[in-house]
Amino acid sequence: PAPQRRAAFLELQLNTDIGGVTWTGRADRIDVSPKGLTVVDYKTSKSPATGAEAAESLQLGFYALAAQRNPEVSAHGDVIGAEFWYPMAKGNKAVTRDFEMDRLEEIETRLTAIARGIQAENWQPTPGSHCDKCGLRPLCPAWAEGGADFE
């Protein structure tokens, strides 16, 4: 979906410290263009995230933050974007969903709050729409089907 870009990095491990915790992830791809760098995360689902979900994605935001702070990556330019690519969403035509880069401060704030919860060993569930896709729901005390083993 982005012929003007070329892959500069594939399967690159990204690490950065936020809120006293070292966060680690693996960017599927980081592309370079004359405008800058774009972090790409491939998704195998045929049901793409909504534009709003991608715009505030914690995963894409983390990748963008960590890529910006990685000297090897930043030597190739500024990180100007992050996006989900759904190559199988509509037949052979890929669908992309973009992260809003002006939300990086919000992402760092969210990750800092999560880090504080981890450090305080606060494991209280925070139910929401994100629970629909969570593989731990059968174990979670916030839901009728979960939690009996953890009470």
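Is Tyr63 buried or exposed, and what is its relative accessible area? In this predicted model, Tyr63 is buried, with a relative accessible area of 7%. The legends below start from the sheet and work towards the rings.

**Figure 1. Five strands form one open sheet.** Going across the sheet, the strands follow the order S1-S2-S3-S4-S5, and their pairing is mixed. Strand S1 (6-18) and strand S5 (93-98) are the edge strands, each pairing on one side only. On average, neighbouring strands here are turned by 40 degrees against each other, direction ignored.

**Figure 2. Strands S2 and S3 run antiparallel.** Look here for the five bridges that join S2 (residues 21-33) to S3 (residues 36-42). A handy place to begin is Val32, which stands opposite Leu37 in S3.

**Figure 3. Helix H2 packs on the sheet.** This helix covers residues 58-69 and touches S1, S2, S3, strand S4 (79-90) and S5. The direction of H2 makes about 90 degrees with that of S1.

**Figure 4. Helix H4 also packs on the sheet, touching S1 and S2.** H4 takes in residues 104-119, and its direction makes about 150 degrees with that of S2. At 1.5 Å a residue, its 16 residues should span 22 Å, and the end C-alpha atoms are indeed 22 Å apart, so expectation and model agree. Just after the helix comes Glu121, whose phi is positive, near 55 degrees.

**Figure 5. H4 has a set of buried residues.** These are Leu104, Ile107, Leu111, Thr112, Ala115 and Gly117. To see what covers them, bring S1, S2 and H2 into the view, as these are among the covering elements. A helpful rule for reading this picture is that an α-helix has 3.6 residues a turn, so residues three or four places apart point the same way.

**Figure 6. Phe62 and Tyr63 form a tilted ring pair.** The structure holds three aromatic pairs. In this one, the ring centres lie 5.9 Å apart; the pair counts as tilted because the planes stand at 55 degrees. Phe62 is buried, at 8% relative accessible area, and Tyr63 is buried too, at 7%.

**Figure 7. Phe84 and Tyr86 meet edge-to-face.** Here the ring centres are 6.3 Å apart, and the planes make 70 degrees, so the pair is edge-to-face. Both partners are buried: Phe84 has a relative accessible area of 5%, and Tyr86 has one of 4%.

**Figure 8. Arg137 lies over the face of Trp143.** For this last close-up, find the Trp143 ring centre: Arg137 sits at 3.5 Å from it.

How values were computed
Residues numbered from 1 in each chain as written. Predicted model: local features only at pLDDT ≥ 70, side-chain atom pairs only at ≥ 80, totals over all residues. Heavy atoms only, no water. Pairing = 2+ DSSP bridges. Helix = DSSP H or I, 4+ residues; strand = E, 2+ residues; numbered from the N terminus. Axes fitted to C-alpha atoms, helices over the stretch in contact; angles between N-to-C directions. Contact = heavy atoms within 4.5 Å. Expected span 1.5 Å × (residues − 1). Buried < 20%, exposed > 50% of the residue type's maximum accessible area, 1.4 Å probe, protein only. Phe/Tyr/Trp six-rings, centres within 6.5 Å; stacked < 30°, edge-to-face > 60°. Lys NZ or Arg CZ within 6 Å of the ring centre and 35° of its normal.
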